[in-house]
Amino acid sequence: MAAHRCCFPVWLFILCSFSLFIIAGSQETTVAPEQHASVLDNPQTAAETAEQTAGESGGVEERRWEGTEVRDAAAQKQAEPAVLQPTPQPKDDFQEELVVRPLHSGDIYASFQFRTLWETDFMRGNKVSHYRLFPKSLGQVISKFSVRELHISFTQGYWRTMQWGQPYLPSPPGAELWVWFQDSVTDVDATWKELTNVLSGIFCASLNFIDSTNTVQPSASFKPLGIGNVTDHRFLRYATLPREIVCTENLTPWKKLLPCGSKAGLAVLLKSEKLFHSSFHSQAVHIRPVCQDWQCKTTSWELRQTLNVVFDLHNSGQGKREWSLFKMFSRTLTEACPLASSSKIYIDITDNPEGEQFELSPATSLLSQAMVLGDRRTFSVYDLTQQDTFGSVRSLNLLIRWKSTEGDMLRPLLHAERYVAGYGLQTGEIHTLMYNHHPYRSFPVLLLDSVPWYLRLYIHTLTVTSKGKDNKPSYIHYQPSKDRVRPHLLEMLVQLPPNSVTEVTVQFERALLKWTEYTPDPNHGFYVGSSVISSLVPSTVAMDTNSTRERPLFSSFFPCKEESSYFVRVYTEPLLVNLPTPDFSMPYNVICLTCTVVAVGYGSLYNLLTRSFQIEEPSPGLAKRIANVIRKMRGFPGTMG
Amino acid sequence: MGLLSDPNRRRALINLLTRLNAPICVVCYMAGVAWFMGLAFEPFTLRTYMSENAMGSTMVEERFPSGERAVATGREFAAHKKKVSGMPVEWLVKTMQARGLEVYTQRFSRTLPFPDENKERYMVKGTNVYGILRAPRAPRTEALVLSAPCTPGDNNNQAVGLLLGLAQYFRNQIYWAKDIIFLVNDHDLIGMQAWLEGYHHTNTTGMDWSPLQGRGGSIQAALSLELSSDVVTSMDLVLEGLNGQLPNLDLANLFYAFCQKIGVLCTIQGKLQRNDWDSVSGYSHAVQTMMLMVMKQASGRPWGDHGLFLRYHIEAATIKGINSFRQYKTDATTIGRLLEGMYRKLNNLLERLHQSYFFYLMPSLSHFVSIGYYMPAFGLLAVILLLRALDLWVQLATPPPTTEDGIADIEQVRHAHSSSPGVLSVLTPLVISHLTGAALYMLPIRFQEMAVEHFPVSETEAVVLTAIAVYTAGLALPHNTHRLLSGEGTEQGWRVLKLVALLYLAVLLGCTALINFSLGFILALTLVPAAAFVTPHVPKVLSAFVLVILSPACTLLFSVFFFQELQEMPVSFLDGWLLYLSVISQGILDHFLYGSLVYPLIALLVYPCWLLFWNILFWK
């Protein structure tokens, strides 16, 4: 069979373009979609890969991955209801889940998470060539660039903390990339440069615009999220592109990284025409090493792909407060991804324990509790691997119908905003406001500001005030900018007093750029990336010592440690700053004017000033004239007056 | 400039200029005025055109349907306003929230330097309410503003209603790329000033305001809406802002384009466009329109709530609905569609409006005069000052030519210089007149309380009358104190002083005209002849009278009458005088409330400069 395929790459092409799977004889093949992609690039290697896959997975019990549209006749014969069982193979594992949180504003927040775990080792010259669930393109990136941790997010829109609460995974508007390299990397900057260019290709984004002028090395704000205790920030690189626009061309490559692509499982909901008809859209990829088990004897690589989207009540076109999967994504669910070991939908019903806020259908008896962002939340769970979830119609269309518009959201404890103050094109002031809404507890936050060099910060004007008093930061890390080389980096550890606003201000001067440094649309303004505020926020559960919730008495005296605080990262809005901009349609006029002024004005003035005037004698005598001529001939300049 | 380096030809040229100085000056003056009047003649002006590509080619559809409902909302607003007799803050907050906006309020208070009798306010306290429509998937970097002032009385309720109606309609659209801020500002300009200062966290005028909670990034453009009555026949565009700043011409083009498209009667300065430019009446109509713009711009005050935005580099205009009792009626739906169209196109902007002109005059809504066309008019007036200065310079440099010997000549010149009064004779009048100017700037506010105690006048009258008193006292000052310091005033003395004054005036007017052409031109019209003819040797009484007539204060008085005339609302002399007094008080208030620069400019620079000429007239 394999030889047969090698002989007919053309046939393979057709196969691939129809998204087919061939099951012939007793040999089972499982081809992940990213391999489809590589097949398109190079049928030869893909065939080999498929061959290896086939060789290795031989003997594993029968599994099938149904194509959604077209089905080969050969496959049709063997068509059976999908048998979905967790793979006994311990090497890799894929989970998918969707969390839906109805927001108090009537909007709805949907968060997809896809996690691929793979127990392998990309490092130490170990050549990993066989990929099953883990996307090969990313695996190669990890091994080639010795990446220890990689976090990349693309966001369109700004997360409205005050209306929506905290997101599960925060991200700043535009693109954000932060990478921890292995300590074996010698030239981190060169590797970083190359890595951004490669990622730019993988995600079809302008990450290649990341260079030294927008890259910083935060000393404290971005700690590794995976295992490993190297915290030398020389191996960390952080960059944002606030101007990056996220659209379908970024979504498609992101979806291709999923084992099931967008053909089955939760990913069928990811249709761009609906995802980009929303108030907020954010997609991210996180790669990190994690422990395989609790003893942490072996490590595995975790790839977490997340997609967060908020749908707007008002823009949905209908006045009714009602949400369904179909209305949100214009699709319903019919199956889980066959490669997934777990596939679940969670609906946050914490604010709706008795169903007085909204009605959920179909109802489920499965409930789950989790500590999310310092709050104990209750979720209705729909397990897509269970056939009866889909009911008799064989499709799941979750429906949330609001009953009342009452009820208010618990105010988020930490939120921040930022703006540029002042007017004119010479100076300005950046104000960052950080709100602590906790009624009685203060907590420290880490503020990270990365400001491009063309805003020249006057760091001596830096002030931090809360409640009208000076608030001295306990830690300041400031790296001044170098023109055209690197940005300002300012990191501060600030204690936020309870129930207060802390204001950080710093003045800046707007630099005059060289005329080739202006963007094609200079009058639009220049972007300054979001500030990052990272903090351990006291948990709302710990705040609850007055027992506003029913709890056994013995559990409520001391706030328990693991619930006492939780990690939050808040991003402020990016800034759009106008720099002094020349009128680019005027160079010709300017050149003309300057030349005229120089030629006529300066020239003649200079002439007048330097010329020596002498009174001409009415008529010198003949003898004198002759004497002058002789003198001239002999080389004495001038005349005898 | 070989011409100048050749002593013979230079001498010839200078001779020509000095001999024909007076006729050339007269010709220049006439030419300047004629040029200016020619600007309104349609064949000499350019048609407006949209320069900004982002707003030009894209077509938008206007679908705003609910004008009737907006009018009803306006009535509801009026009822609530009456109930709380002021800004119905709670109702506005609730209504805006119901429309899906993020709503914030801002409180402010301001004590005026003296009571404003026109608007009857002294201690102003108010609340601005604004709602932000967050654009989907936009990172809060750019915003547009639509504002409607909440004015006392029955004015402008429709505007607030329409604003709320538009907010509701806009909220349901998906295409917004910029946040839209709907602002209802209390106490018109003061509220707007407080809001803008709060938004940009500046404090230029010493106002108290509570900090803003919500922002939308950098504001790209703003429109202010005023509907004075239920029945609107035409829409009027107001452009003149603080200190004579104007928004980018593309904003006016945008308004005009949509009025044409939707079929709304549109006016500028309340004047419809006419097509008969070749008739006398058509031309005078254009002149009237342009002169109105010149007068308004010269006043340096904001003629609508938009005027304060311009300081922050935000292009803004006020759109006024006027009832001019024509047959043609425009309903709220049409106005809503007009605004919708404008906002959709502003929403398409990729950059700030910058493509078109910032310096222009408009003789009609479809024609404009750019800076390149109107500056020569001012240049012709300013050149008179330079010619007179040259004349004086030559007179100073060439004492009676008695000798032909060069060395002797130079010595003589040196002698003449040493005999001429030193720095003191020039410096003393300069210092004295500037001190008078400073007094004119400071005293009216400082001494209002004392004046109120001792004279039976109100505070406002006290301020204005003190100003006039200081102004008049300046004329009576002993201007010849320099004699005490440096002996008898000489022929050379007044010439040097006049030379300095002429150059000073030329620089002053030149700078003013660059920033605010209208102000510079009007000042030049009166001050240049005064500066040109004044010498100690002209008949004193007559010249003194002429000089007073041509002084800045009288210019203002004439402007008041002229403005009323242009608006076709002529006033009697007494009314005009009262109006004149109130204009002075408004000018002073504008300076203290919004930072208008006309009052300090006149008091600290123009008036002292004029005093120098007064000084020359009475030179002894």
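Here a visitor and a guide talk through a predicted model of a complex containing chain A and chain B.

Visitor: Before we start, what do I need to know about the numbering and the values?
Guide: Residues are numbered from 1 along each chain as its sequence is written, and chains are lettered from A and ligands numbered from 1 in the order in which they are written. This is a predicted model, where local features need pLDDT of at least 70, side-chain atom pairs count only at pLDDT 80 or more, and totals for chains, interfaces and linings use all residues; side-chain values use heavy atoms, with hydrogens and water left out.

Visitor: What confidence values does the predictor give the complex?
Guide: The complex has an ipTM of 0.88 and a pTM of 0.85. For chain B the mean pLDDT (the predictor's confidence in each residue, from 0 to 100) is 88, and 93% of its residues reach 70 or more. Over residues 402–419 of chain B, however, the pLDDT is below 50, and this stretch has seven contacts in the model beyond near neighbours in sequence. Where pLDDT is low, the predicted coordinates should not be read in detail.

Visitor: How do you know how many residues take part in the contact of chain B and chain A?
Guide: Contact means heavy atoms within 4.5 Å. By that rule, 38 residues of chain B and 37 residues of chain A take part.

Visitor: What area is buried between the two chains?
Guide: About 3,200 Å² is buried between chain B and chain A, and carbon and sulfur atoms give 54% of that. Buried area is the accessible area (1.4 Å probe) that two parts lose on being put together, summed over both.

Visitor: Why is the pair A:Glu573 and B:Arg140 called a salt bridge?
Guide: The term asks for a side-chain nitrogen of Lys or Arg within 4 Å of a carboxyl oxygen of Asp or Glu. In this pair the closest N and O atoms are 3.9 Å apart, so the salt bridge rule is met. Across the interface of chain B and chain A the rule finds two salt bridges.

Visitor: Which elements of chain B give two or more residues to the side that touches chain A?
Guide: They are helices H1 (2–5), H2 (7–19) and H8 (188–200), together with strand S7 (218–227) of chain B. Helices (H or I, at least four residues) and strands (E, at least two) are DSSP runs, numbered from the N terminus.

Visitor: What divides chain B into domains?
Guide: The bounds come from an automatic or database domain assignment. Domain 1 of chain B covers 2–38 + 374–399 + 421–617, and domain 2 covers 53–227 + 235–256 + 303–350. Their C-alpha centres lie 40 Å apart. The contact takes 20 residues from domain 1 of chain B and 19 residues from domain 2 of chain B.

Visitor: Which residues of domain 1 of chain B lose the most area to domain 2 of chain B?
Guide: The area buried between these domains is about 1,700 Å², with 61% from carbon and sulfur atoms. B:Leu589, B:Leu593 and B:Tyr594 lose the most in domain 1 of chain B, together 41% of what that side buries. Between the two domains of chain B the rule finds zero salt bridges.

Visitor: What makes A:Asn499 stand out?
Guide: Its phi is near 50°, a positive value in a residue other than glycine. A:Asn499 sits in the loop between strands S21 (488–496) and S22 (500–510) of chain A.
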